[in-house]
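I opened this entry to look up how the strands pair and what lies between them. The notes follow the order in which I went through the chain.

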Amino acid sequence: MSLRRPTPRRLALALGTTLAGLAVLVACGGDGIEPADVVLQNGYVYTVDAKDSVAQAVAVRDGRIVYVGTNEGVHAYVNPNRTQVVDLGGRMLMPGLVDGHVHPLEGGAATLKCSLDFLPLTVVQMNQKLQACLDASSDQEPDGWLEVVNWDRQAMSSIDRDPVRQDLDLLTTTRPIIVMSIDHHTRLVNSRALGIAGVTAETPNPPGGSIAHDAHGQPTGIFEDGAADLVDQVVPQPSDEERAGHARIALDLLNRQGVTSFMDAMSDENEVKAFATLGDRGELTARGQFAMLIDPSESADPAAAMARVKAVADRYTKPGDQPAPVVQVRHVKFFLDGVLQAPAQTAGVLAPYNVNIGTDAHPNWVAGSKRGELYFSQAALDALVVEAIKAGFDPHIHAIGDAAVRRALNAYEVARKVLPDSKFRPAIAHVELADPADFGRFQSLGVFPVMSYQWAQQAPYSIEAVKDQLGPQRYAIMEPEGSLMNAGATIAYGSDWPVDPMAYFYNLSVGVLRRGNPNHYASFGPSYAGRLNDDPLLPRDLALRSITMNSATQLKLDSQVGSIENGKYADLIVLDRNFMQVPDDDLAFTQVLLTMVGGKVVWSDGPFAASLPAAKRAGVGRMHLLNARNSARHTD
Ligand SMILES: [Zn+2]
């Protein structure tokens, strides 16, 4: 655990030294300089150092950055017998992306499942797609499960109706079928699956969930929230080797989009093991941090909860003191609430959600009674957070509603008082709604908001399912990254993939513009023009800093990665356009041409594909690249 074994600070020399100064030092070094393995020159090197300096060239040796400066200065590192010189042709080189909140194993697995592609479908249209999936995998008859993802239940209900198991029973198959909604709150199964799960008219609703019934009291095949476990638990789980395959797919997709470090924001041992297995085989192509999920039922014995997590951490965590990527378990995850979107409305809010007591034609929204739910009491959360920090873990709390955000901040305030000398770096993920009175507490308590900018666009999930339900005052401050920025918070970025399609630069563009781009593939389903609300825009430099240096700092990787500075690991990406200079509407279309992790090329394309062939490319099929664009929207 690096909390107890601090990573070496190798950057003292470079930090605070100006690039001009470095160039002079190099020139004085002359022939005594050891040659680099790779020199990247003639570029727009956007360093994300303390001053956001821009340089021309970088030298890499033994997986580390050994020079950042001018084209002239980098000459001293070139030895024709050893050094590969790459002409960037003026392109933008920046630090590799650090995703502060993502679900890579789930995302990798989802690319192999039958996808309804987020489309607004009628029941008949859904069945046409499902039959195509069945026909394409007929070798799975008669008993193989068909797992289906990316079903927009809300859209189907509004354009057609809510489906039932008898609809799925019309398909030409005997296989059990399970369909997952995009918010992951609903499952739809066919009668075969219902039978395997052993669910009958007599099966009681489990805590926190409901089994839908028809007029005759029979299960309709719809399972909501906690009831989903009844069917999930009978779906065969992937083997360890299959999980390693899912991890390999995820890494490949991440590398293609420039991600060089990631935080798996909801881990169990299976997730860690899958990536650790690849690490043992030399196939880990991004630095993996893992937050172990703590269940509310573990509130009774915080010490036991942390002992459970520590056993996993001790089994898999590697030091990370060398440039090659490793797996580390240094975080714990708490779900404090659910989601804002109707009909779930499980996010904890200070004032109740509004309900429409009028008609659709003449709506009349008034305060209702639902306030969502907080899954940990303040006392339980305080105790777990303190115990986690004492055990060396940084807490990562899912909090979406303003009541949940406040409770999470309260817990961190307690921890700062109880453990004043601890250097813990706490995070609150999502923060879709916060009381303005709490904005400043992120800065004063040293809490990192981990934001997903793509949610700050107008879309069905931010308009139909939220806008009137929150009312104008709260809607005006939804997705408050600009307000948090102005209140001094250090904002980190987390994609939450596969909740949304994997599209990092599209997502960053929404942070900068607070609007979507209907022409971009990431704008799945209906999307609307115009800004979400008037919360301040993020400057481009802050958007890039949030997904590099700030996320690295939140994850305590800032001494190793997050910026292009001497001594750091060579996690570098080359873009096809200059994110700092292109017109607004071009930002979303930025492509990554080269990704380097610890000095090794893990993805290369276009002009770099030939000169720097990728060391390894997973067998990526077209299918999963397409599917990766269309993955589920839930909120983990
Ligand atoms: Zn998540």
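I began with strand 4 (residues 57–61) in this predicted model, and found that strand 4 is joined to strand 5 by five bridges, the two strands running antiparallel. Looking for a residue pair to mark on the display, I noted that Ala-59 has Tyr-67 in strand 5 as its bridge partner.

I then asked in which order the strands of this sheet stand, and read 5-4-1-6 for an open sheet of four strands with mixed pairing. Strand 5 (64–69) and strand 6 (84–87) are the edge strands, and because each has a single partner strand, one side of each is left without a neighbour in the sheet. From one strand to the next, the twist averages 15°.

Next I turned to strand 22 (residues 448–451) and looked up which way its side chains point: Phe-448 and Val-450 go one way, Pro-449 and Met-451 go the other way, and all of them are buried. With strand 21 (residues 427–430), strand 22 runs parallel, and three bridges join the two; the partner of Ala-427 in strand 22 is Phe-448. Between these strands the chain passes through helix 14 (residues 436–444), and I recorded the β-α-β crossover from strand 21 to strand 22 as right-handed.

Last, I checked the pairing of strand 22 with strand 23 (residues 492–493), which is parallel as well and rests on two bridges. Here Val-450 stands opposite Ala-492 of strand 23, and Val-450 is one of the buried residues I had already listed for strand 22.

How values were computed:
Residues numbered from 1 in each chain as written. Predicted model: local features only at pLDDT ≥ 70, side-chain atom pairs only at ≥ 80, totals over all residues. Heavy atoms only, no water. Buried < 20%, exposed > 50% of the residue type's maximum accessible area, 1.4 Å probe, protein only. Pairing = 2+ DSSP bridges. Right-handed = clockwise from strand over helix to strand, strands pointing away. Axes fitted to C-alpha atoms, helices over the stretch in contact; angles between N-to-C directions.
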